[in-house]
Amino acid sequence: MAASHSSFFPSFKDNPGAAYASAIAVAIGLAVLPFVVGSQGNAWVRILDFALLYVMLALGLNIVVGYAGLLDLGYVAFYAVGAYMYALLASPHLAENFEFIQEMFPDGLHNSIWLVVPLGAAIAALFGVMLGAPTLRLRGDYLAIVTLGFGEIVRIFMNNLNSPVNLTNGPQGISNIDPISLGGMSLGKTQTIFGLTMPSVYLYYYLFLALAIVIIVLTIRLQDSRLGRAWMAIREDEIAAKAMGINTRNVKLLAFAMGASFGGVAGAMFSAFQGFVSPESFTLMESIVIVAMVVLGGMGHVPGVILGAILLYAIPEVLRYVAKPVQEAVFGHEVVAPEALRMLLFGLAMVVVMLYRPEGLWPAPKHGASRRAIKDAGGDAKVGGVQ
């Protein structure tokens with residue numbers, strides 16, 4: 001049986017030379033990408049940074065939606081939890097508003113990334129279990145409504161927890177958040193490494209890329225693990241999975257917890273990168289966009305989810321910069337505002353993809369056909385079986 005991710009790279013077992021060559025080529029391309037894109041300005045590298053954040057978010061949601069088949073419209077809540085966790089523990093906000101913390105930390109809280117990021121992942125996972133526990137008997141539309149409500153509840157709490165105790169600073173948000181420091185080197189400042197001058201957005205790109213690669217490896221390993229197979233069994237038929245001895249309650253809770261933890265890590269990175277967080281960054285629209293990334297890319301297929309995340313974030317952002325110059329060059333003036341145009345094309349793209357590629361741009365390959373059958377048919381063989 002072919003591995004579900006065998007189409008991502010050539011198999012190291014079947015063709016090690018091609019596999020290593022592909023891996024090296026991709027690594028070199030990713031390493032030089034910010035320098036190539038950055039020749040047009042740091043704003044383009046910033047788009048890459050946020051695209052990687054959305055890759056992490058989409059891969060986390062893919063565990064819940066793609067692997068376990070549980071529709072979650074409140075995923076942005078875990079993103080918010082991670083962001084606010086980092087903001088509170090790496091900014092002067094708590095020290096300024098709580099006297100006992102001021103006495104303990106007169107210079108304010110400035111915690112290390114090695115403490116804050118794992119803690120953010122753990123707290124987000126706890127919130128994932130809190131969401132999953134009451135929804136174990138729900139599926140489909142009912143689960144979507146409950147998770148949507150959960151996401152809105154978290155956002156409203158963040159917006160109103162400024163009185164009587166000022167924990168989140170309400171709609172004004174938390175500012176002066178410390179940038180990430182690694183080995184005494186601040187990623188919030190331009191640094192010179194190996195004779196290369198790297199602005200802050202370049203440094204964050206490499207950090208986000210490393211985290212995204214770790215999450216990709218984890219999700220691929222989870223997909224082929226016993227737990228991953230249990231998730232997929234629940235997705236296909238929960239009653240049959242339960243009859244086969246799978247503890248559906250614990251497996252579902254693990255899906256919510258694992259997916260939420262990735263969202264918490266992405267939220268902490270967002271908070272450090274921006275230096276500011278507010279409830280406006282965690283609206284329902286963010287959850288919908290992340291779900292669209294998973295569905296349009298290809299549910300349950302790691303390369304497809306990555307593709308969906310990059311396309312759905314990067315293309316609208318690119319249009320923000322090029323729409324006005326292109327309209328002025330063609331029509332002599334701006335016909336449609338860039339913001340309206342990018343959302344119009346965003347919606348149109350989703351409609352077209354769902355009509356002509358209902359399984360996503362890069363769906364998961366079907367199991368059940370041998371490599372020999374696929375090879376004999378020139379790679380176009382129809383394969384059956386269940387995923």
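**Figure 1. Packing of helices α13 and α14 in the predicted model.** Helix α13 (residues 302-331) packs against helix α14 (residues 338-356) at an angle of about 135°. The two helices are therefore oblique to each other, as angles between 115 and 145 degrees fall outside the roughly perpendicular and roughly antiparallel ranges. Their axes lie 9 Å apart, and the crossing is right-handed. On the α13 side the contact is made by Leu312, Pro316, Glu317, Leu319, Arg320, Ala323, Lys324 and Gln327. Helix α14 contributes Pro338, Glu339, Leu341, Arg342, Leu345 and Phe346. By residue type, the contact of α13 with α14 divides into 8 nonpolar, 1 polar and 5 charged.

**Figure 2. Val335 in the loop between α13 and α14.** Val335 has a relative accessible area of 49% and is therefore partly exposed, since the exposed class begins over 50%. The C-alpha atom of Val335 is separated by 8.5 Å from that of Lys324. Along the chain these two residues are 11 residues apart. Lys324 is also one of the α13 residues in the contact with α14.

**Figure 3. Packing of helices α2 and α8.** Helix α2 covers residues 42-67 and helix α8 covers residues 200-223. They pack at an angle of about 20°, with their axes 9 Å apart. The angle is under 35 degrees, so α2 and α8 are roughly parallel to each other. The crossing of this pair is left-handed. The residues of the contact between α2 and α8 comprise 19 nonpolar, 3 polar and 2 charged.

**Figure 4. Surroundings of Ser91.** Ser91 sits in the loop between α3 (76-89) and α4 (93-97). Its relative accessible area is 0%, so Ser91 is buried. A polar atom of the Ser91 side chain lies 2.5 Å from the backbone oxygen of Ala87. Apart from neighbours within four places in sequence, Ser91 is in contact with Leu109, Ile174, Ser175, Asn176 and Ile177.

**Figure 5. Surroundings of Ser271 in helix α11.** Helix α11 spans residues 248-274. Ser271 has 0% relative accessibility and therefore counts as buried. Residues up to four places away in sequence are not counted here; beyond them, Ser271 touches Ala83, Tyr86, Ala87, Ile177, Phe276 and Val277. Of these, Ala87 has the backbone oxygen that lies 2.5 Å from a polar side-chain atom of Ser91, and Ile177 is among the residues in contact with Ser91.

**Figure 6. Leu119 in helix α6.** Helix α6 is made up of residues 113-132. At 31% relative accessibility, Leu119 counts as partly exposed. Leaving aside neighbours within four places in sequence, Leu119 is in contact with Met85 and Leu89. The C-alpha atoms of Leu119 and Gly82 are separated by 8.5 Å, and the two residues are 37 residues apart along the chain.

**Figure 7. Backbone features of the loop between α7 and β1.** This loop connects α7 (140-160) with β1 (181-182) and contains Pro164. Ser163 and Pro164 are joined by a cis peptide bond, with omega about 0°. Asn176 lies in the loop as well. Phi of Asn176 is near 55°, a positive value in a residue other than glycine. Asn176 counts as exposed, at 54% relative accessibility. Asn176 is one of the contacts of Ser91.

**Figure 8. Phe194 in the loop between β3 and β4.** The flanking strands are β3 (191-193) and β4 (196-198). Phe194 is not a glycine, yet has a positive phi of about 55°. With a relative accessible area of 83%, Phe194 is exposed.

Definitions and conventions. Residues numbered from 1 in each chain as written. Predicted model: local features only at pLDDT ≥ 70, side-chain atom pairs only at ≥ 80, totals over all residues. Heavy atoms only, no water. Axes fitted to C-alpha atoms, helices over the stretch in contact; angles between N-to-C directions. Helix = DSSP H or I, 4+ residues; strand = E, 2+ residues; numbered from the N terminus. Parallel < 35°, antiparallel > 145°, perpendicular 65-115°, else oblique. Left-handed = near helix turned anticlockwise from the far one by under 90°. Nonpolar A, V, L, I, M, F, W, Y, C, P; charged D, E, K, R; others polar. Buried < 20%, exposed > 50% of the residue type's maximum accessible area, 1.4 Å probe, protein only. Polar contact = N/O pair within 3.5 Å; in protein donor to acceptor, adjacent residues only side chain to side chain. Contact = heavy atoms within 4.5 Å.
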